[in-house]
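Reader: I'm used to gels and columns, not coordinates. Could you walk me through how to read a model like this one?

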Amino acid sequence: MKKFFALTMALVMALSLMACGSKKEEAPAESTNPPAEESSGEQEYNISVILKTTSSEYWGYVVAGAEAYMADHPNVHVEVKGATSETAYDEQQNMIETDMNNADIDGYVIAPLQADMVANMIKGQTKPIVAVDTNIDAPEVLSFVGTSNEDAGKLGGEAAANLAKERGWEEIKCIEIAGVQGDSTNEARMRGYAAGIEAAGGTFLHDEIQYANAVADQAVTCMEAIMQNHPEGIAVICANNDDMAMAAARAAAGNEAYANTVFLGFDGIQSACKSILAGEETMSVCQAGYDMGYQSVDAVVRALQGETLDEFIEAKASIVDPDTAQERLELLQGYLA
Amino acid sequence: MTKKKSGSGFQLGTILALVIMCVFLALSNSNFYSPSNIMSIFKQTAFNAFLAVGMLLCLITAGIDLSVGANAVFCACLMGALKESFGINSGILLMLIAVVAGGLVGFINGTLLTRLHLPHPFVSTLGMKNVLWGMALLVTSSKMINNFPKSVEFLGNQTIGTFGGGFPVGFIVILVLYVIMHIFLGKTALGRSIYCAGGNMEASRLSGINTANVLTFCYTLSGIMAALAGIYSIGRSGICNGANATQPYDTDAIAACIIGGASFTGGKGTMFGTMLGCLIIAVLRNGFAMLSIDSSVQNIVLGLVIILAVLMDVIRAQMDAKRRRLAAGK
């Protein structure tokens, strides 16, 4: 045991020394070689991009967009980080706290898990901050890049209701299979879906919302209950993400009353595109994750260069349906290639 | 004999609780007793029932396996990753790899406990849960994967007959598995050794039972059951997603076992009781969905059920201790 402990300690010390050693080696390199700023004539910037998480396909596109900006602009160094999940609020809090105190960072891109909490954390920060995906109501935030989840939801709700009409539904009723209750993204998408369905003349059944915690197997359970309660069929089943929409469509497969139901998902990820092409999920709302990542870093850099930013930089949401799924799939595969 | 009678009495209470819940839900929603909804309940029971088999074995040994849910998700993701990245489309091969991987994870859990002497499986399996969560995201590159071969989806998707839309194959497998496990635990030397090890580890060791091997077996089997649950989940939802590894599947499995008569102090628990526990959890979740109940209320009710189940376990342990004291005094 003592040997094991000693070995571990030795390893830790060795790694620490290596880390110190590498810094020492870097220092003279910087002093001997002229900095990029002087050689290229461009100011170097360190941008911290703090996302809701990096552990999902959708956020992978935002990461890809931010990193693509770095590849296009060698003078900009982007460091992307995110919590382990979209409910790990404390993890993101720690990341923001740490980076706000890091003098080496010149500007921030933040996708807040809890916007109000982040608004308090950035109080008094003078370096440029840009919000992405979800807005932060704070004077320190120079711009918001994205489409609000509510607007995107509304777009999807209207499109789904209209398609349901085309499919012959006379009474457009919609039930949502929702994500995590209380989660701000979930609530915003829900409001959007409801607004979209109602704008298209349908009825959003608020009393019959099913909470499936954004998990596919729970969505199957919810869909089974919906089919029990509505044997006559429902025109639109909207879900908070594609996982649940696909699972719900799968659960309803074979039920004649649900053969023409529109299954609407959110995110428009690769597997959703495949599912739409296979005739399972009907359509999906997708936000431009890649563009958001790219544009948000670009906005911070422009702010650092003294440019005044627009308060809102739109990254348009769109609908993926059988006509556009193949194109979208190829685009997404290209982003992650 | 006395022990058997008290166990039966407890299970009678559990059956009664299940019946009362069913009556309440039937009165609240007329669709509850429709044949198709009953089949849905069986489908919803199976995933937790797979996990609960392994969990029960660990609980009988006075241990716990908090990595079962994450292991199930990891095994599902591993199959997805092999299909996507390596083009493996043989369902049999994918399932075989998943079962081996799940078993290996369980074996590591058991080895950490018995050979590396980690103080309690709570620590090692909790750590393993995080490892598996990360691994599940890593192998899938944080992507959700669908379009699995039909043979992989068979267990969770296939039904037999036409009554209520068909009797789910997954639940039939569960029934067979539970009968086999019931015989295994009660009639074989290894099965009895598991109870002995849970009842008194040191006494079992001194009586010649290789407790380290027994415990390793239990955790390995728990891993294999988790892999089967992962395969079942693919058939049910058609997808795998590493992000789901954080879901509290292990809590449901523990609750099912404890409701069914298992104890955190070890040495207790039956397959029949565990099945009742799984059915109670499934009926509860089905009822929540049928009545479109808010997550907030769902969490409160499920939390109370778990607290109640643990409280029952504590009361039972106290009554047993009192009974032993009285018997010793006579």
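**Reading the model piece by piece**

Author: Let's begin with domains: in chain A, the C-alpha centres of domain 1 and domain 2 lie 31 Å apart. Keep in mind that this is a predicted model.

Reader: Which residues make up domain 1 and domain 2 of chain A?

Author: The domain assignment gives 39-147 + 289-316 for domain 1 and 149-286 for domain 2. Where they touch, domain 1 of chain A puts in six residues and domain 2 of chain A puts in eight. On the domain 1 side, that's two nonpolar, three polar and one charged.

Reader: OK, on to helices. Why does the length of helix α12 of chain A agree with its number of residues?

Author: You count 1.5 Å a residue, so the 12 residues of α12(A), 325-336, should span 16 Å; the end C-alpha atoms are 17 Å apart, which agrees.

Reader: And which residues of α12(A) are buried?

Author: For burial, you count neighbours: 20 or more other C-beta atoms within 10 Å makes a residue buried. In α12(A), that goes for A:Ala325, A:Arg328, A:Leu329 and A:Leu332. These residues cover an arc of only 100° around the axis, so they sit on the same side of α12(A). Turn to the other side of α12(A) and you find A:Glu327, A:Glu330 and A:Gly334 exposed.

Reader: What covers the buried residues of α12(A)?

Author: The cover includes two helices of chain A, α3 (57-72) and α10 (270-277), along with the strands β11 (283-286) and β13 (318-320).

Reader: Now chain B. At what angle do helices α7 and α12 of chain B pack?

Author: For a helix pair, look at the angle, then the axis distance, then the side chains. Here α7(B), residues 169-187, packs on α12(B) at about 145°, and the axes are 9 Å apart. From α7(B) come B:Tyr178, B:Met181, B:His182 and B:Leu185, which meet B:Met271, B:Phe272 and B:Met275 of α12(B). By class, this contact has six nonpolar residues, one polar and no charged.

Reader: Last one: how many residues does each chain give to the contact between chain A and chain B?

Author: Chain B gives 32 residues and chain A gives 30. On the chain B side, the elements giving two or more residues are α2 (35-60), α10 (211-237), α12 (271-290) and α13 (295-329). The largest share there is five residues, from α2(B). Sort the chain B side by class and you get eight nonpolar, 20 polar and four charged residues.

Conventions:
Residues are numbered from 1 along each chain as its sequence is written. Chains are lettered from A and ligands numbered from 1 in the order in which they are written. This is a predicted model: local features need pLDDT of at least 70, side-chain atom pairs count only at pLDDT 80 or more; totals for chains, interfaces and linings use all residues. Two residues are in contact if their C-beta atoms, placed from the backbone, lie within 7 Å. Helices (H or I, at least four residues) and strands (E, at least two) are DSSP runs, numbered from the N terminus. Ala, Val, Leu, Ile, Met, Phe, Trp, Tyr, Cys and Pro count as nonpolar, Asp, Glu, Lys and Arg as charged, and the others, Gly among them, as polar. The expected span of a helix is 1.5 Å times one less than its number of residues. A residue is buried if 20 or more other C-beta atoms lie within 10 Å of its own, exposed if 12 or fewer, and partly exposed in between; C-beta atoms are placed from the backbone. The arc is that of the directions from the helix axis to the C-beta atoms. Axes are lines fitted to C-alpha atoms, for helices over the stretch in contact, and angles run from 0 to 180 degrees between N-to-C directions. Domain bounds come from an automatic or database domain assignment.
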